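User: I am new to this structure and would like a close look at a single part of it. Could you take me through the pockets and what lines them?

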Amino acid sequence: MSEAVVDDIVAVLPPLLQTLESLSFVARNLNPPDFGRVMEIAGEPDAALTAVRPRIGNWPERFAHIKAALEAASDAALAGYAGLRAVQNGEGDLVSVFRALRHAPRAQEALYPLTELAPVNGFFIAPELREDADLLAKLAAPANDSAGLFHEQNESGSRGGFSLYVPEYYTPDRAWPLVVALHGGSGNGRAFLWSWLRDARSRGAILVAPTATGPTWALMGNDTDTPNLNRILDEVGSRWNIDQTKLLLTGMSDGGTFSYVSGLDGASRFTHLAPVAATFHPLMAEMADADRLRGLPVFITHGQLDWMFPVQTARQTQQLLSAAGAKVTYRELDDLSHCYPREINAEILQWLNGESAGGA
């Protein structure tokens with residue numbers, strides 16, 4: 001590799017990765033009254049990235065794929081931060097913040113093909129496992145055609161498709177746990193995939209992020225989403241070796257609520273449910289299949305600061321499901337608003353795999 005190009009890459013990657021981490025920090029800690037304080041803590045990594053962005057320049061053609069990925073990732077990260085800065089300066093509202101944060105998964109998707117570069121590879125590993133020699137060795141081995149990122153009719157704006165991640169070290173000689181992660185209202189699976197990819201990659205799970213068939217999940221009326229989830233399960237199960245005892249349905253907000261709606265049905269194929277920041281109507285427990293509920297593993301995560309679905313709803317849900325015979329694990333995070341707490345993924349995967357994950 002050209003020494004000059006190496007110098008440019010070495011200059012660009014740290015502020016780019018730090019900007020992405022800061023965007024993730026804002027997304028995780030986004031509580032409307034605290035937005036200004038959160039932005040202060042996040043700092044100004046975008047200033048450093050803006051300064052080095054021109055170094056992604058006139059590189060030799062053999063570096064075209066690296067150049068294109070770094071350009072797209074940097075521009076998306078900077079666009080996200082620009083949107084946040086505008087709100088910080090009084091230009092926009094909470095909707096503008098959510099719109100700005102949509103750039104973060106786009107940046108990650110653009111960057112992911114560069115995991116050949118050690119800093120990028122590390123970015124897509126859970127922090128506590130970045131020095132794990134066995135994992136690093138598995139990720140360094142050549143991936144087969146059955147592994148990596150796949151998108152099935154899941155372009156932005158489309159409905160009913162799905163995005164899929166299969167760890168690069170996948171082999172069909174054993175069954176793999178499956179995580180089906182449902183986006184929140186007005187979201188899409190292609191973006192929500194990045195809430196889980198780092199953990200699926202680090203801990204060995206196949207990840208599916210579907211997109212709802214309608215504007216959001218079928219919480220009322222005709223349920224067109226459960227048949228679509230079953231179709232996706234069939235398609236993925238026909239191509240990869242899936243552990244039928246470890247089928248997790250999880251989701252954020254509307255996606256978490258639909259995890260209840262679909263997952264409590266007596267015909268559901270999912271073995272574990274893990275709703276996050278979801279709502280739950282008591283009638284759902286009364287209408288659920290009693291045999292389905294008995295012994296069903298359910299992992300509930302909710303924030304004390306949730307402004308959309310107050311935490312009392314989650315506490316009541318824990319009590320109702322436990323009384324109905326479900327095996328409920330409950331996590332209440334005192335600093336969480338209506339956001340996705342990516343740090344909970346590791347514990348959910350431990351729970352899915354039957355490993356100790358602390359008390360219920």
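Analyst: What follows describes the two pockets in turn, and then a pair of helices. The model is a predicted one, and the values given here are computed from it.

The largest pocket holds about 1,600 Å³ of space. It is lined by 48 residues, of which Ala27, Leu101, Pro105, Phe192 and Ser195 lie closest to its centre. Two or more lining residues come from each of helix H1 (3-28), helix H5 (94-101), helix H6 (103-111), helix H9 (189-192) and helix H10 (197-203). Sorted by class, this lining consists of 19 nonpolar, 14 polar and 15 charged residues.

The second largest pocket has a volume of about 390 Å³, and among its 19 lining residues those closest to the centre are Tyr260, Val261, Ser262, Leu264 and Asp265. Here the elements that contribute two or more residues to the lining are helix H11 (225-239), helix H12 (254-263) and helix H13 (282-287), while the lining divides into 10 nonpolar, 5 polar and 4 charged residues.

Turning to the helix pair, helix H2 (residues 35-42) and helix H4 (residues 64-88) have axes that come within 10 Å of each other and cross at roughly 135°, which makes H2 oblique to H4. The crossing of H2 past H4 is left-handed. On the H2 side the contact is made by Phe35, Met39 and Ala42, and these meet Tyr81, Leu84, Arg85, Val87 and Gln88 of H4. By class, that contact has 6 nonpolar residues, 1 polar and 1 charged.

Conventions:
Residues are numbered from 1 along each chain as its sequence is written. This is a predicted model: local features need pLDDT of at least 70, side-chain atom pairs count only at pLDDT 80 or more; totals for chains, interfaces and linings use all residues. Side-chain values use heavy atoms; hydrogens and water are left out. Axes are lines fitted to C-alpha atoms, for helices over the stretch in contact, and angles run from 0 to 180 degrees between N-to-C directions. Helices (H or I, at least four residues) and strands (E, at least two) are DSSP runs, numbered from the N terminus. Angles under 35 degrees count as roughly parallel, over 145 as roughly antiparallel, 65 to 115 as roughly perpendicular and the rest as oblique. A crossing is left-handed if the near helix is turned anticlockwise from the far one by less than a right angle, and right-handed if clockwise. Contact means heavy atoms within 4.5 Å. Ala, Val, Leu, Ile, Met, Phe, Trp, Tyr, Cys and Pro count as nonpolar, Asp, Glu, Lys and Arg as charged, and the others, Gly among them, as polar. On a 1 Å grid over the protein atoms alone, a cavity is a set of points where a 1.4 Å probe fits but cannot get out, and a pocket is an open set with protein on both sides within 12 Å along at least five of seven lines; lining residues have an atom within 4 Å of a point. Grid points are joined across faces, edges and corners, and a volume is the space filled by probe spheres set on the points.
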